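Me: I would like to go through a protein model with some questions. Please show it before the first one.

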Amino acid sequence: MTARPELRPFVELGDELRCMGAPDGRLIWWNAAFEQAIGHGRVVVADPDKSPFVHPDDRTVARTAWAGLRGGEALRGIRLRHPRAAGGWSHIEWAARVHPTTGRMYAVGRDVTDHQALLEALHTSRAWLQSILDHSPAMVFVKDLDWRYVMVNGEWSRVMGVAPEDAIGRTAAELTPWYMRSLGEFEQQLPFDEGPLVIDQAIDTAIGRRVVMASRFQLRSSAGQPYATVCIATDITERKRLEREADRRQRLLETVMAASPDVISILDRTGHTTSISAAGEEVLGRRLGPGLGEWMFDLVHPEDLPRVADAFADLSAGITPEIAVRARIRHVDGHWVASDVRCRTIVDDDGSFAGAVVVSRDMSGKLEHERRLRAAIAAAEQASQAKSEFLSRMSHELRTPLNAVLGFSQLLQMDELPATEADEVDYILRSGRHLLDLIDGVLDIARIESGRLELEVTPVQVAEVVADATGIAQPLAERAGIFMEVTVDDRLLVQADRHRLLQVLLNLLSNAVKYNQRGGRIRVRCLPVSAGRLRLEVTDTGRGILAEDLRRVFEPFERLGVGQAEGTGVGLALSKHLVERMGGRLTADSLPGEGSTFAIELPVATDRPRIDVLGPGGLLLEPGPAADFMVLLVEDNLANLELVERVLARRPGVQVLAAMQGGLALELAREHQPDLVLLDLHLPDMGGVDVLRALRSDPSTAGVAVAVVSADAPSS
């Protein structure tokens, strides 16, 4: 359609699209710009419902605008897409109105296709930027000159606990007052006339207290005017923690290096010293500080060097992570320091050998102490041996005259003596037996402490030992008017030395009689106390023991002030030692005024006890009244010799030959072939063992019965 001639100047003016439409929506004129942008002949009507004039996605907007125009509204800024003649779509921004009288529509359009493309590109770029920032591990935000957020990334939103849509257009103080307390002042005071600023700052966040490295810079226009501030904050909380931990470890290492009495050295991969602890100055005379670099192998004694070099080679080759050697290290003044050296590998990040930590301990004093200790032990062992020999000799020297005293006293007892003299002989016997018991107890304790006491621990029937002990103690109890009650199952077995167990039990029964009251009671019983243990109890009804005195009852020579009762004061101490040597324990329990209980606890035995039967080789000395029985007595002590002769003289048919030397005894034995030899072990010319060996090796005397009669307790 051709425009009216009178409107041509108007239509040709400017680049805007101009058109006019009839009341029914048909376009009745347009200018060249309109025709160029839209295309001649394609547009018939402006009504979107009657012509494909508008992009399908914009029809709703166009329909609303058309209805408004027909209702008398003036429209501005309506953007619609229209088809081009050459293809594609033009973005046109329209302003239009309808004349109230004629009903005609007048419209002016501006082609904004290029501007729209620019906006879309800008939007795409912003989306790209936002996507990049949202994937950044650092917190990023942008603020305008009023300190309002214009952009935040996902990490900032996560850490601060604020959604991006809630942050845009608001200040930090409006969002997170607690954040402003820690960082707000810094943000508010950032000067616009300075360059980028980097600072480590502790801030409060929604996930707790964090330390960030914040880099801030300004965005400026082409004219140089600032219009925004950008902050990129990296969370360095863990890095700071590791730095603090590293500092702490370094201080700890320096403290250890300073305080350690051992010499701590750091070696590089070649074995040169790079650092040495403070003890190095005291032990080796080497100071801390620059200029170390000494080669480790230059400090080692030449005789120890091959061993140290081989060990270090194994360390550096990765054969072992740690070595330990003893070597002599050279002091600055030239003397050698004996040291225990321990090295441990230092490795690089890739696991390769980077050096070693060496800890050297000065062993000179310890080695000297060990030398002195060995010398002291040798001296103690020598003294112990001398003590054992002394005890053996003293045993013999004490027992020899004591046996004579007891023997002659017993001979006197056999005679009919006046009452007064009989009492005196009785007193001599009691005193002699007391002294003999004391010697036996002391020697037994000495043998236990020196480890020379031999025990034969075998299964023992408890009832038999108790029967033997109570049978021996019964006369003592009867004389004191004390009733003895025994409750022991004859099936119970314990692991013990039968002889020593009997000795211990006799001691407990003797004490129970001595420290009881007249008319009192003694109860002996055996019962299991735990799996694999039996308890043998001796209970009396005596005056009891005070609690504070109980711990002293097992001390040698401790009688708790009881002086009137007979006893040596070593029985309980010896008993405790014996029971412990048999794998058990001896305990005491008491109630003052009611009595005491002493208990032997021993392991249970499962095997039956071995019964020894006297065989053909046993000795039975019962000569008949008319039989001739010759005894050769080998004894160097005249008193003992005379005692035995007098005892045997009381037995009819016994002939006694005496010899005070071993050589003479051998001659008499070969010549007279005695029926029995009573042999002392200590003789002036040779030992009793040598005499026994000579008798056994001579066919003429090999069958002669020999009994050792000796006062030597350790040898017996």
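Me: Over how many bridges do strand 9 and strand 10 pair?
Reply: This is a predicted model, in which local features need pLDDT of at least 70, side-chain atom pairs count only at pLDDT 80 or more, and totals for chains, interfaces and linings use all residues. Residues are numbered from 1 along each chain as its sequence is written, and side-chain values use heavy atoms, without hydrogens and water. Helices (H or I, at least four residues) and strands (E, at least two) are DSSP runs numbered from the N terminus, and two strands pair if DSSP finds at least two bridges between them. Strand 9 (residues 208-220) and strand 10 (residues 226-235) are antiparallel, and the number of bridges is nine.

Me: Which residue of strand 10 does serine 215 stand opposite?
Reply: Strand 9 covers residues 208-220 and pairs with strand 10. The residue of strand 10 opposite serine 215 is isoleucine 232.

Me: What angle does the direction of helix 9 make with that of strand 9?
Reply: Helix 9 (residues 237-259) packs on the sheet and touches strand 8, strand 9 and strand 10; touching, or contact, means heavy atoms within 4.5 Å. Axes are lines fitted to C-alpha atoms, for helices over the stretch in contact, and angles run from 0 to 180 degrees between N-to-C directions. For helix 9 and strand 9 the angle is about 120°.

Me: Why is one side of strand 7 and of strand 8 left without a neighbour in the sheet?
Reply: The open sheet has five strands in the order 7-6-10-9-8, with antiparallel pairing. Strand 7 (149-152) and strand 8 (197-205) stand at the edges, so each has a single partner strand.

Me: Around what arc do the buried residues of helix 11 lie?
Reply: Buried means under 20% relative accessible area, exposed over 50%, and partly exposed in between (1.4 Å probe, protein chains only). In helix 11 the buried residues are Val308, Ala311, Phe312 and Leu315. They are on the same side of the helix because the arc, taken from the directions from the helix axis to the C-beta atoms, is only 100°.

Me: Which element gives the largest share of the largest nonpolar core?
Reply: A nonpolar core is a set of buried Ala, Val, Leu, Ile, Met, Phe, Trp, Tyr and Cys residues joined through side-chain atoms within 4.5 Å. The largest one has 42 residues, of which Ile522 and Ile600 touch the most other members. Among the elements that each supply at least two residues are helix 14 (462-479) and strand 19 (521-530). The largest share, eight residues, comes from helix 15.
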